[in-house]
Amino acid sequence: MAHAAVIAAVAGHLPPRVVTNHELAEQYDTTDEWIRTRTGITRRHRVDPGMATSDLAAEAARHALENSGEDGADLVIVATTTPDRPCPATAPTVAAKLGLVGVPAYDVAAVCTGFLYALHSAACAVRTGFARRALVVGAEAFSTLLDPADRTTGVIFGDGAGAVLLRAGDSGEPGALDSFDLGSDGTMADLITVRSGGSEEHALRGRPTGGPATDAYFRMDGKPVFMAAVRHMTHSARRVLHDTGWSIEDVDHLVGHQANTRILRAVAEKLGLPSQRALINIDRVGNTAAASIPLALAHGQADGRLRKGDRVLLSAFGGGATWGATTLTWPDLPVL
Ligand code: COA
């Protein structure tokens, strides 16, 4: 049997502060009803001052290591849109917090697709023997990017982290990651942005015609993002199902990026999957960007929705634009 990377543990971590729709309705011109019916979200978690993305990431990764019974990893990849700072990367900080000084550690930036990009990178490293145990973490302190005057993004995003530990194993065993579909379309870069803080800001200043104003807040053009997310998550899922040799009837759970319950239902419908097979946890965590899929996996494992032998389809869309999908048979994981 061919070598493969296999999921050995999954864990999530949420900052303690819960922010309800009712609280946000005091801050913005919005209502609990609008948020629930347009997004499916009822609450989300937010970091308190003094808590950075690396703190959330390290907690999730620590739980994943505990759940696996392993004492360490030889590769750490952190997918995030909200690194601790622009330079250096957050992953070495996370590795150091775990006592893993000396291991390769790097960040992946693909916004809401970031976890799947990082998972692919780690799976290749494990499959080729470069790493024996790889920690893949999706972590966001997304609230730190939100414009207090923008009700649309203000109600959607939440903070949190999710982590998986990959180990070396065989293709075909439960938990093995064999097929990935990943893609991007940079012509859609303007749909989801944080304009300031990069070299473009300096480049634009030097142009005679100027350019789009720089802006430190997260901006999203909601409607086209909604439509592109449905289209690309569906197409990417179809391509990976084809590569895996599964038909849509084989899929027990669609664990999609938790951007909006209506997006997840639309993707399920386009794929021909009953909507109850779309695993949903956005109601209690909001859109946690790169943390969204591993948090959904951790919650699905903890509450028994994901059971050993279930066939799981992961699919995401995010800024860039980027998208990705993969499949796996859910392994027998310890629940601690
Ligand atoms: N409360 C009340 N009204 C709000 C609101 C809020 N929090 N946010 C927006 N609105 C208003 C808009 O201003 C608009 O008003 P108008 O018709 O008077 O202009 C109205 O609601 C409808 O806005 P629209 O953008 O058409 O709503 P929508 O049904 O597309 O839902 C999103 C908006 C943002 C929820 C939806 O487009 C979405 O989920 N997009 C993708 C989100 C995402 O998570 N992307 C991340 C990467 S994948």
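**Notebook: helix 8, helix 9 and Asn21**

I looked up the packing of helix 8 (residues 222-244) against helix 9 (residues 261-271) and found an angle of about 40° with the axes 9 Å apart. The model I worked from is predicted. I recorded helix 8 and helix 9 as therefore oblique to each other. I also noted that helix 8 passes helix 9 in a right-handed crossing.

I then listed the residues that make this contact. Helix 8 contributes Phe226, Ala229, Val230, Met233, Thr234, Ala237 and Arg238. Helix 9 contributes Arg262, Ile263, Leu264, Ala266, Val267, Lys270 and Leu271. I classed the residues of the contact of helix 8 with helix 9 as 10 nonpolar, one polar and three charged.

Next I asked which residues of helix 9 are buried. I found Thr261, Ile263, Leu264, Val267, Ala268 and Leu271 to be so. Viewed down the axis of helix 9, these buried residues fall within an arc of 165°, so they line one face of the helix. On the other side of helix 9, I found Glu269 and Lys270 exposed. I looked up what covers the buried residues of helix 9; the cover includes helix 2 (32-39), helix 8, strand 12 (253-256), helix 10 (282-285) and strand 13 (311-318).

Finally I turned to Asn21, which is found in helix 1 (residues 21-27). Is Asn21 buried or exposed? I entered Asn21 as buried, because its relative accessibility is 0% and the cut-off for buried is under 20%. Leaving aside neighbours within four places in sequence, I found Asn21 in contact with Asp32, Ile35, Arg36, Ile41, Thr42, Arg43 and Arg44.

Note on methods:
Residues are numbered from 1 along each chain as its sequence is written. This is a predicted model: local features need pLDDT of at least 70, side-chain atom pairs count only at pLDDT 80 or more; totals for chains, interfaces and linings use all residues. Side-chain values use heavy atoms; hydrogens and water are left out. Axes are lines fitted to C-alpha atoms, for helices over the stretch in contact, and angles run from 0 to 180 degrees between N-to-C directions. Helices (H or I, at least four residues) and strands (E, at least two) are DSSP runs, numbered from the N terminus. Angles under 35 degrees count as roughly parallel, over 145 as roughly antiparallel, 65 to 115 as roughly perpendicular and the rest as oblique. A crossing is left-handed if the near helix is turned anticlockwise from the far one by less than a right angle, and right-handed if clockwise. Contact means heavy atoms within 4.5 Å. Ala, Val, Leu, Ile, Met, Phe, Trp, Tyr, Cys and Pro count as nonpolar, Asp, Glu, Lys and Arg as charged, and the others, Gly among them, as polar. Buried means under 20% relative accessible area, exposed over 50%, partly exposed in between (1.4 Å probe, protein chains only). The arc is that of the directions from the helix axis to the C-beta atoms.
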